[in-house]
Every structure is written in structure tokens, then in C-alpha cells.
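This report introduces a single structure to a reader who has not met it before. Please look over the sequence and the model before reading on.

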Amino acid sequence: MPNRNAEAVSRLDHPDSRIPSRLEVALWVAVFVVGVGLRCARAQRVAVEHFDEGVYVSNLWFAEEGYRYPDAHFYAPPFFPWLNEWVIVLFGPTRWACMSVSLAAGSATILLMGWVARKWFGPEAG
């Protein structure tokens with residue numbers, strides 16, 4: 001009878017361990033769907049309520065400063081206000097548009113953290 005632990009270890013040491021298994025992909029999809037579902041479950045109640053979030057979405061109100069909140073680089077990650085600005089230009093200044101970039105970035109973080117854990121600590125951690 002073959003030793004299952006030895007097979008698992010040899011499979012992880014194999015160069016093809018970079019390719020995720022079907023089970024791993026299914027788990028990633030399930031965790032992502034649950035995470036996005038939880039993050040967007042009460043999207044109608046989401047609003048810009050912190051000062052930093054206001055900085056992210058306020059570029060259009062600062063025409064005299066070149067459509068940029070003064071010293072926004074102290075508050076916002078690179079390109080984040082720009083992405084918010086374009087979503088607002090395309091879809092209008094609705095509550096959904098103002099928060100969509102934050103919801104998308106937060107949802108992408110789920111996959112990013114899984115990928116980082118997999119790269120640093122192996123497929124089991126990812």
C-alpha cells in the first residue's frame with residue numbers, strides 16, 4: 001500500500017506544483033465568491049463616510065487645483081483617485097459609483113492574499 005504522505009510531499013516538490021489542482025481552483029473560487037458576496041451584501045447601505053474616502057472621490061470638485069484634491073498623495077494610493085474620477089465621469093456621481101472602486105479593490109485583495117500565501121508558504125496556505 002503506497003504511503004500517501006510521501007506522494008503528497010513528492011507532488012509538492014515537483015516542478016508542476018506551480019499549477020493549481022482542480023480542488024485548489026474550486027476553493028479559490030468559493031472563497032472569492034463568498035468574500036465578494038459578504039463585501040457587497042449591503043451595497044445599498046455603503047456610503048462615503050470617512051475623510052480619506054472623500055479625498056478619493058473629490059477630484060472633480062477641485063477644478064482650480066487641476067482637478068486634484070490638494071495633497072491627495074498623502075491620503076490616497078496611486079491611481080486610486082484617478083480610477084474613482086473616471087467611474088464617476090462614466091456612471092455619474094451616484095453612491096454606487098463612488099464606492100465601486102473600493103469594492104473592486106477589496107474583492108481583488110482576496111485573490112491577491114491567496115496568491116501571496118501560495119507563493120510564500122505553498123499551495124496549502126494559499
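## Overall fold

Helices and strands are here taken as DSSP runs, a helix having at least four residues and a strand at least two, with numbering from the N terminus. In these terms the chain reads α-α-α-α-α along its sequence, with 5 helices and 0 strands. The structure is a predicted model.

Of the 126 residues in the chain, 27% are buried. Among contacts with a separation of 6 or more, 54% join residues that lie 24 or more positions apart. The exposed area of the chain is about 9,600 Å², and 65% of this area is supplied by carbon and sulfur atoms.

## The salt bridge

A search of the whole structure yields 1 salt bridge. The partners are the side chains of glutamate 24 and arginine 118, with a distance of 2.4 Å from N to O. Glutamate 24 belongs to helix H2 (residues 22–40) and arginine 118 to helix H5 (residues 95–121), so the pair ties together parts that are 94 residues apart in sequence. In general, side chains of opposite charge can pair when their charged atoms come close.

Are the two partners buried or exposed? A residue counts as buried when its relative accessible area is under 20%. Glutamate 24, at 9% relative accessibility, is therefore buried. Arginine 118 is buried as well, with a relative accessible area of 14%.

## Helix H5

Helix H5, which holds arginine 118 of the salt bridge, can be compared with its expected span. The expected span is 1.5 Å times one less than the number of residues. The 27 residues of H5 should therefore span 39 Å, and the C-alpha atoms at its ends are 39 Å apart, in agreement with that value.

Helix H5 also has a bend of about 30° at valine 101. After H5 comes glycine 122, which has a positive phi, near 105°.

## The nonpolar surface patch

Which residues make the nonpolar surface patch? The patch consists of Phe79, Trp82, Leu83, Trp86, Val89, Leu90, Phe91 and Trp96, and its area is about 950 Å².

Helix H4 (residues 80–91) gives the most to this patch, contributing 6 residues. Phenylalanine 91, one of the patch residues, is placed in helix H4. An α-helix has 3.6 residues a turn, so residues three or four places apart point the same way.

Definitions and conventions
Residues numbered from 1 in each chain as written. Predicted model: local features only at pLDDT ≥ 70, side-chain atom pairs only at ≥ 80, totals over all residues. Heavy atoms only, no water. Patch = residues over 30% accessible without salt bridge, like charges linked within 9 Å, V, L, I, M, F, W, Y side chains within 5 Å. Areas by Shrake-Rupley, 256 points an atom, 1.4 Å probe, with all protein chains shown as cover. Salt bridge = Lys/Arg side-chain N within 4 Å of Asp/Glu carboxyl O. Buried < 20%, exposed > 50% of the residue type's maximum accessible area, 1.4 Å probe, protein only. Contact = heavy atoms within 4.5 Å. Bend = angle between axes of the 7 residues up to and from the residue.
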